[in-house]
Amino acid sequence: MSNRYLRNLTAIPLLLLASCGGGTKQDEAQIPTPMFSPPASQPSFSGETAMRYITEQVTFGPRVPGSPAHTECRDYYVKHFTDLGWETSLQSFSMPGYEGVTLDLHNVVARFRPEVQPRVLLCAHWDSRPFSDMETDETLKLLAVPGANDGASGVAVLMHLAEILSATPPQIGVDIVLFDGEDYGKDGEESMFCLGSKYYAASLGTESAPLFAVLLDLVGDKEAVFPREGFSEQFAKDILDLFWSQAAALGLKQFVNSRHSPIIDDHLPLNTTGGIKAINIIDASLVGHADANERRKYWHTQRDTPEQCSAATLEAVGSLLLRVLFGLQPST
């Protein structure tokens, strides 16, 4: 994401067809409004399994577009979802990058029981930043970011979630999209961020529009704090309310009710171009090294390694997703 800021519920009907600026693809799709009620039970989420997926991704090396690690890790994702029986494909496209380079980018799209309606979209970015521009050492600035928390953590949660849903399907359909090119841009050049999500949002058809989307970014830190991010509040307040209320019901201390200023991230094009209500679960104070905790000042540096992450945080995020997914009931 860009460093630049712009400055026990029972049977809750979700107002999914409101707002987002009117005349959206959501309106055209006439998706039935689901109901949410807290599930009597839900599958367990293993933070340890998600941690293993972080380590496996980082072992490939930084997933910088055009690198061997980028290709190998992309294929690793495709195999993971395909082996689980999900309908998996690549949304590939090319565009000009820096210094005359042609960027070949690939969104990984995995659909579980694609015939089932309504559907929810879960997403994260899988690419790594090509440079560590928040380092103070000029030599280190030239190195690509390992991206354990910034990229791999969100993907790791979704990889394990896919395993769980394959074994125990919810009543709704689920799509997972791993966006490429989220972190390619240089500071201040916002047009070069969120490349995969912009392409995906612009390519959406009306038939497959999901009820809402949840973006996971920076979701693995051992002392994570997830505030209510500004664009999520602006575009999808009812979805944000649902998730934060259920986090409270689960006693998840990482989710707090303070509001954070909007952050340019992959959920923004989903809201503004795709017409999908999208929220961002993000450890926002990591961005720009705004946190007072010195250990947590590793965003866009060489210190973004698995050691910064914890199974407990990943388990909290995964458990919240499962609670909402298993509490959603298709309307009758």
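A residue is called buried when its relative accessible area is under 20%. The views below show a predicted model.

**Figure 1. Surroundings of S132, in the loop between β5 (119–125) and α4.** The relative accessibility of S132 is 0%, so this residue counts as buried. Leaving aside residues up to four places away in sequence, S132 touches L140, K141, L143, A144 and V145, and also H300, T301 and Q302.

**Figure 2. The chain as a whole.** The chain contains nine helices and 11 strands. Of its 332 residues, 61% are buried. The area exposed by the chain is about 12,300 Å², of which carbon and sulfur atoms supply 54%.

**Figure 3. The largest nonpolar core, a set of 64 residues.** L122, F243 and L321 have the most contacts inside this core. Among the elements of the structure, helix α4 (residues 148–167) gives the most to the core, contributing 11 residues. L321 touches both L122 and F243, together with V157, L158, L161, V214 and L216, when residues up to four places away in sequence are not counted. A second core, separate from this one, has 13 residues, including V109, C123, F179 and A278.

**Figure 4. The stacked rings of Y98 and Y184.** The structure holds 12 aromatic pairs. In the pair formed by Y98 and Y184, the centres are 5.0 Å apart and the planes make an angle of 15°. Y98 belongs to the loop between β3 (87–96) and β4 (102–112), and Y184 to the loop between β6 (173–179) and α5 (195–203), so the pair ties together parts that are 86 residues apart in sequence. Both residues are buried: the relative accessible area of Y98 is 14%, and the relative accessibility of Y184 is 9%. The ring of Y98 also has a charged partner, as the charged end of K186 sits over it, 4.4 Å from its centre.

**Figure 5. The edge-to-face rings of W244 and F255.** The centres of these two rings are 5.1 Å apart, with 80° between the planes. W244 is part of helix α7 (residues 237–249) and F255 is part of strand β9 (residues 255–260), so the pair ties together parts that are 11 residues apart in sequence. W244 counts as buried at 4% relative accessibility, and F255 is buried with a relative accessible area of 9%.

**Figure 6. A cluster of aromatic rings.** F60, Y76, Y77 and W126 are linked into a cluster by ring pairs.

**Figure 7. Helix α2 (residues 47–59) and its cover.** Helix α2 has 13 residues, and the distance from its first C-alpha to its last is 19 Å, close to the 18 Å expected at 1.5 Å a residue. An α-helix has 3.6 residues a turn, so residues three or four places apart point the same way. The buried residues of α2 are G47, T49, A50, M51, Y53, I54, Q57 and V58. Their cover includes α3 (68–83), α4 and α9 (311–327). R52 lies over the face of Y53, at 4.9 Å from the ring centre. After α2 comes G61, which has a positive phi, near 100°.

Conventions. Residues are numbered from 1 along each chain as its sequence is written. This is a predicted model: local features need pLDDT of at least 70, side-chain atom pairs count only at pLDDT 80 or more; totals for chains, interfaces and linings use all residues. Side-chain values use heavy atoms; hydrogens and water are left out. Helices (H or I, at least four residues) and strands (E, at least two) are DSSP runs, numbered from the N terminus. Buried means under 20% relative accessible area, exposed over 50%, partly exposed in between (1.4 Å probe, protein chains only). Accessible areas come from the Shrake-Rupley method with a 1.4 Å probe; for residues, only the protein chains shown count as cover. A nonpolar core is a set of buried Ala, Val, Leu, Ile, Met, Phe, Trp, Tyr and Cys residues joined through side-chain atoms within 4.5 Å. Contact means heavy atoms within 4.5 Å. Rings of Phe, Tyr and Trp (its six-membered ring) pair if their centres lie within 6.5 Å; planes under 30 degrees apart count as stacked, over 60 as edge-to-face and the rest as tilted. A charge sits over a ring if NZ of Lys or CZ of Arg is within 6 Å of the ring centre and within 35 degrees of the ring normal. The expected span of a helix is 1.5 Å times one less than its number of residues.
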